[in-house]
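This report walks through a two-chain model, from overall dimensions to single residues. Keep the structure open while reading.

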Amino acid sequence: MSAAALTLPDAEYLVELRFPAQASRMVLVRDVVRSAARLCGFDETATHDIVLAVGEACQNVILHAYEGRGDGPILLDILESPDRMILRVTDFGPAVAPAVLQPRDLGELRPGGLGTYFIQNVMDTTDFGRSPGGVGNVLQMSKKKDPST
Amino acid sequence: MSDTVREVNGNLVVRLAGEIDLDRAPEVRRLLLDSVKRSLDVLVDLSAVTYIDSSGIASLVEALQWAKRRGTDLCLIAVSPEALRVFELARLDKVFAIHPDMNAALAAGN
């Protein structure tokens, strides 16, 4: 993803969070995302789905970018534009190969590997790449307020 | 709210509660696998689960696989709307036997 892809001229910042890449912090992060989604006017199912997507994205950072060390930061930017909510998850770990985050075939019954599948299926757009500064990874996701548009 | 295990009519009812995420999945996994190892049919009550993600789902899938290997059943009962949404997204609502409540599960032979 290019730096230009992260420019969102018509979007307004709702909140910016910085927290350690630790699973124990996720309950707090989910509460913030839940409140932000409701503020944007999403119904309870869409709100649940947005919370799930952010949770899975942060889980990928904890497990893959920082490999469970828990000492790196995660940045979560939440923005709102007239027609959608935008969520951007940034880490400062080594590059994660996109293949690591590929969704798996659902026909195969095995534990694990569902996180990226959930993200791609509940959000309208997902863009993964290196951060504009060249350090870390960025996942930017958005969800339309009106799914029929 | 805490997770509980009790025996009902020769089955184990495992009641999970709260938010099951990467932080809690290891303890849930241990509880489920310990229950499956008792070689009884296991009914997992998800009525009090308010959030579950891929790590929680992975624990349930692993427990189901262990139950199948041991020749016992593992089913889900009273699945909360939040948990059901995730099972549907993963298309696991067709893989797990899901019953509206414990009586329905017992009547179905679980």
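The radius of gyration used here is taken over C-alpha atoms, and the globule rule is 2.2 Å times the number of residues to the power 0.38. The model is a predicted one. For the 110 residues of chain B, a compact globule would have a radius of gyration near 13 Å; chain B has 12 Å, which agrees.

**Chain B as a whole**

The C-alpha trace of chain B spans about 30 × 25 × 25 Å along its principal axes. Of its 110 residues, 42% count as buried. Chain B holds 4 helices and 5 strands. Their order along the sequence is β-β-α-β-α-β-α-β-α. Take the contacts in chain B between residues at least 6 apart in sequence: 73% of them join residues at least 24 apart.

**The sheet of chain A**

Chain A has an open sheet of 5 strands, ordered S1-S2-S3-S5-S4, with antiparallel pairing. Strand S1 (12–20) and strand S4 (125–130) of chain A stand at the edges. Each has a single partner strand, so one side of each is left without a neighbour in the sheet. Neighbouring strands of this sheet are turned by 15 degrees against each other on average, direction ignored.

Strands of a sheet pair through backbone hydrogen bonds, either parallel or antiparallel. Three pairings of this sheet are listed below.

| Strand pair | Sense | Bridges | A bridge pair |
|---|---|---|---|
| S2(A) and S3(A) | antiparallel | 7 bridges | A:Glu80 and A:Met85 |
| S3(A) and S5(A) | antiparallel | 7 bridges | A:Arg88 and A:Gln140 |
| S4(A) and S5(A) | antiparallel | 6 bridges | A:Asp127 and A:Gln140 |

A:Gln140 of S5(A) thus appears in two rows: it is the bridge partner of A:Arg88, and it stands opposite A:Asp127. S2(A) covers residues 73–80, and S5(A) covers residues 137–144. A hairpin of 3 residues links S2(A) to S3(A).

How much of strand S3 of chain A is buried? Strand S3 (residues 84–91) is mostly covered, with 8 of its 8 residues buried. In a regular strand the side chains alternate between the two faces of the sheet. A:Arg84, A:Ile86, A:Arg88 and A:Thr90 point one way from S3(A). A:Met85, A:Leu87, A:Val89 and A:Asp91 point the other way. All of these residues are buried, the charged ones A:Arg84, A:Arg88 and A:Asp91 included.

**Helix H2 of chain A and the core**

H2(A) packs on the sheet and touches S2, S3 and S5 of chain A. The direction of H2(A) makes about 15 degrees with that of S3(A).

In soluble globular proteins, nonpolar side chains tend to be buried together. The largest nonpolar core here has 71 residues. Which of them touch the most other members? They are A:Ala53, A:Val54, A:Val61, A:Val89 and B:Val44. The list thus includes residues from both chains. H2(A) gives the most to this core, with 10 residues.

A:Val54 shows how the pieces meet. Leaving out residues up to four places away in sequence, A:Val54 touches A:Val29, A:Val33, A:Leu76, A:Leu87 and A:Val89. Among these, A:Leu87 and A:Val89 point the same way from S3(A).

**Where the chains touch**

The contact takes 22 residues from chain A and 19 residues from chain B. On the chain A side, helix H1 (26–39), helix H2 (44–65) and helix H3 (115–122) each supply at least two residues. H2(A) gives the most to that side, with 7 residues. By class, the side of chain A that touches chain B has 11 nonpolar, 8 polar and 3 charged residues.

**Two positive phi values in chain B**

Most residues other than glycine have a negative phi, and most peptide bonds are trans. B:Ser39 has a positive phi, near 60 degrees. B:Ser39 lies in the loop between helix H1 (25–36) and strand S3 (42–52) of chain B. B:Ala78 also has a positive phi, near 50 degrees. B:Ala78 sits in the loop between strand S4 (74–77) and helix H3 (81–89) of chain B.

Are these two loop residues buried or exposed? B:Ser39 has 12 C-beta neighbours inside 10 Å, so B:Ser39 counts as exposed. B:Ala78 is buried, with 20 other C-beta atoms within 10 Å.

Methods
Residues are numbered from 1 along each chain as its sequence is written. Chains are lettered from A and ligands numbered from 1 in the order in which they are written. This is a predicted model: local features need pLDDT of at least 70, side-chain atom pairs count only at pLDDT 80 or more; totals for chains, interfaces and linings use all residues. Two residues are in contact if their C-beta atoms, placed from the backbone, lie within 7 Å. A nonpolar core is a set of buried Ala, Val, Leu, Ile, Met, Phe, Trp, Tyr and Cys residues joined through C-beta atoms within 7 Å. Two strands pair if DSSP finds at least two bridges between them. Axes are lines fitted to C-alpha atoms, for helices over the stretch in contact, and angles run from 0 to 180 degrees between N-to-C directions.
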